[in-house]
Amino acid sequence: MSRPEIEAALRILVVEDGAEVGRMLCALLKEAHQPTLATGLEEARVRLHDDSYDVVLVDDRLPEPAGVEFLMEVRDSQPVAIRLLMSARVEPERLLKAINQSHVFAFLEIPISQPLLLSTLGQVAQMRSVMLERDAALLDLQRQRDELEVQVAKRTQQLADQNQHLEHLAMRDPLTGLFNRRYIEQRMEEELLRLQRYGAPLSVLLFDIDNFKAVNDTEGHATGDKVLIAVARALADSVRQVDLVARFGGEEFLLVLPNTGLEAAELTGARLCRQVAAMPGVATDGGGIVRVTISGGVAAARADDRVWAATVERADGALYAAKGAGKNCTRTG
C-alpha cells in the first residue's frame, strides 16, 4: 500500500458575515488554496455538515454566537480542522478564551495582512503535511503489523500441523495406522500402574496372522501389506473406543483392554478370530484371493506383575498354544 500523496493546497472554509469581505478573502486565497465562502453562521453550519475542511477561518465580528463561540462548534464537529480567528479587537482575555476553549491556532488582526495570512496558512500546510506523513507512517506500521500477525498465525498453524504430524508418526504404524509398539508399551505401563493402584482389571490379546510368511513368499510383499491392513482394520473396527490396538511387530497385533477381566477378554478374542475368518478375501496382484485367519493368546495383568512385559509374555505363550491347537483360535495364558 503506497503512502498517500500529500497536497499543499488547503481546503479552507471562510466564514464572513460580509459577502464583499468574504469574496475578497477567497480571491486572495484561491491561487494557492481551495477556499469556500459561507456568508453567515447558518450557511457555515450546513457546509460543515456536508463537507470537511482543513482550515476554518472565522470573523469574530459575526452576530451571536460570535466567532470564538462558533469555533467551539467547529472544534466539536470537525476536530481535525485548523481554526483561525479574525478580529478587529485585540483583547488579551478574548485571545486567551480563543486559545483555551476553541483551540484557535492563530489570531489574525483586521484589516488582514496578506503576507501574514499566507504565512500563517503556509505554517498550517506544513503542519498538515507532517500530520499526513505521520498518519501515513502509522498506516504503514499498522499494515506491517497486520502482515506480521498473518505470517505469525500462518507459521504457528504450520508448526502445530507439523507437531501433530510428528506426534502421529511417533505413535502410529505407517502401514496400518494402528498404534506402534513404542506407544503401546508406554500405555501398558500406565494401565499396569492403574491396576496396581486402583485394582481395575486389565487384559491383553496378542494376535498373529496365520501362515503370513507363506503369503509373502507366494503372493509377494504387496499382497502381504494388503493382508496386514485388512486385519488391522478388522481389529480396530471391532473393539471399544477405550481399547488400544497396536501393530506389535511384523504380523503380530497387541490389544490392550482396560477394565476387562480374563473371561470377557476370552470372549472378545474368540469373537475377533471369527470376524477375521469371515472377512472377504484379500485380492492378490495376480487376480487371486487370499483368505486370512488369526490366532491369539489371552492374558490378564496381575497386581504383582512388575513390568508390562510379564503380561504380554503370558499372552505370547498362549498364542503359541493356539498355533499348536490348529490356528484360527485363542488360548489363555
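The exercises below work through the sheets, helix packing and empty spaces of a predicted model.

**Exercise 1. The parallel sheet**

Determine the strand order of the open sheet with parallel pairing, and explain why one side of β2 and of β5 is left without a neighbour in the sheet.

Solution. Begin with the order, which in this open sheet of 5 strands is β2-β1-β3-β4-β5, with parallel pairing. Next look at the edges, where β2 (34-38) and β5 (106-109) stand; each has a single partner strand, so one side of each is left without a neighbour in the sheet. Neighbouring strands of this sheet are turned by 20 degrees against each other on average, when direction is ignored. For a pairing in detail, take strand β1 (residues 11-15) and strand β3 (residues 55-59), which are joined in the parallel sense over 4 bridges; Ile12 has Val55 in β3 as its bridge partner. Finally, add the helices: α3 (residues 67-77) packs on the sheet, where it touches β1, β3 and β4, and its direction makes about 170 degrees with that of β4. Helix α1 (residues 19-29) lies across β1, β2 and β4 (82-87), and runs at about 175 degrees to β2.

**Exercise 2. The mixed sheet**

Work out which strands stand at the edges of the open sheet with mixed pairing, and which helix lies across β6, β7, β8 and β11.

Solution. The order of the 5 strands in this open sheet is β7-β8-β6-β11-β12, and their pairing is mixed. From the order one reads that β7 (244-249) and β12 (330-332) are the edge strands, each with a single partner strand, so that one side of each is left without a neighbour in the sheet. The twist from one strand to the next averages 20 degrees. Within this sheet, strand β6 (residues 202-209) and strand β8 (residues 252-258) run antiparallel and are joined by 7 bridges, and Val204 has Val256 as its bridge partner in β8. The helix asked for is α8 (residues 221-236), which lies across β6, β7, β8 and β11 (294-300) while running at about 10 degrees to β8.

**Exercise 3. Two helix pairs**

Classify the packing of α2 with α3 and of α6 with α10 from the angles between their axes.

Solution. Two packed helices are described by the angle between their axes and by the distance between the axes. For the first pair, helix α2 (residues 41-50) and α3 pack at an angle of about 10 degrees, and their axes are 11 Å apart. Angles under 35 degrees count as roughly parallel, which makes α2 roughly parallel to α3. The contact is formed by Leu41, Ala44, Arg45 and Leu48 of α2 together with Phe70, Glu73, Val74 and Ser77 of α3; by class, these residues divide into 5 nonpolar, 1 polar and 2 charged.

For the second pair, the axes of α6 (residues 181-198) and helix α10 (residues 308-324) come within 9 Å and cross at roughly 105 degrees. Because angles of 65 to 115 degrees count as roughly perpendicular, α6 and α10 are therefore roughly perpendicular to each other. Glu185, Met188, Glu189 and Leu192 in α6 meet Trp308, Thr311 and Val312 in α10, a contact with 4 nonpolar, 1 polar and 2 charged residues.

**Exercise 4. Pockets and a cavity**

State the volume of the largest pocket, of the second largest pocket and of the second largest cavity, and identify which helix gives the most to each lining.

Solution. Take the largest pocket to start with, which has a volume of about 210 Å³. Its lining includes Ser52, Tyr53, Val124, Met127 and Arg128, and helix α5 (residues 114-171) supplies the largest share, 6 residues. This lining divides into 8 nonpolar, 1 polar and 3 charged residues.

The second largest pocket holds about 150 Å³ of space. Of the 14 residues that line this pocket, Arg172, Leu178, Phe179, Ala236 and Val245 are the closest to its centre. The elements that give two or more residues to the lining are α8 and β7, with α8 giving the most, 3 residues.

As for cavities, a search of the whole structure finds 2 of 30 Å³ or more, and the second largest contains about 30 Å³ of space. Among the residues that line the second largest cavity are Glu191, Arg194, Leu195 and Pro258, and the largest share, 3 residues, comes from helix α6.

Technical notes: Residues numbered from 1 in each chain as written. Predicted model: local features only at pLDDT ≥ 70, side-chain atom pairs only at ≥ 80, totals over all residues. Heavy atoms only, no water. Pairing = 2+ DSSP bridges. Axes fitted to C-alpha atoms, helices over the stretch in contact; angles between N-to-C directions. Contact = heavy atoms within 4.5 Å. 1 Å grid on protein atoms, 1.4 Å probe; cavity = no way out; pocket = protein on both sides within 12 Å on 5 of 7 lines; lining within 4 Å. Points joined across faces, edges and corners; volume = space filled by probe spheres on them. Parallel < 35°, antiparallel > 145°, perpendicular 65-115°, else oblique. Nonpolar A, V, L, I, M, F, W, Y, C, P; charged D, E, K, R; others polar.
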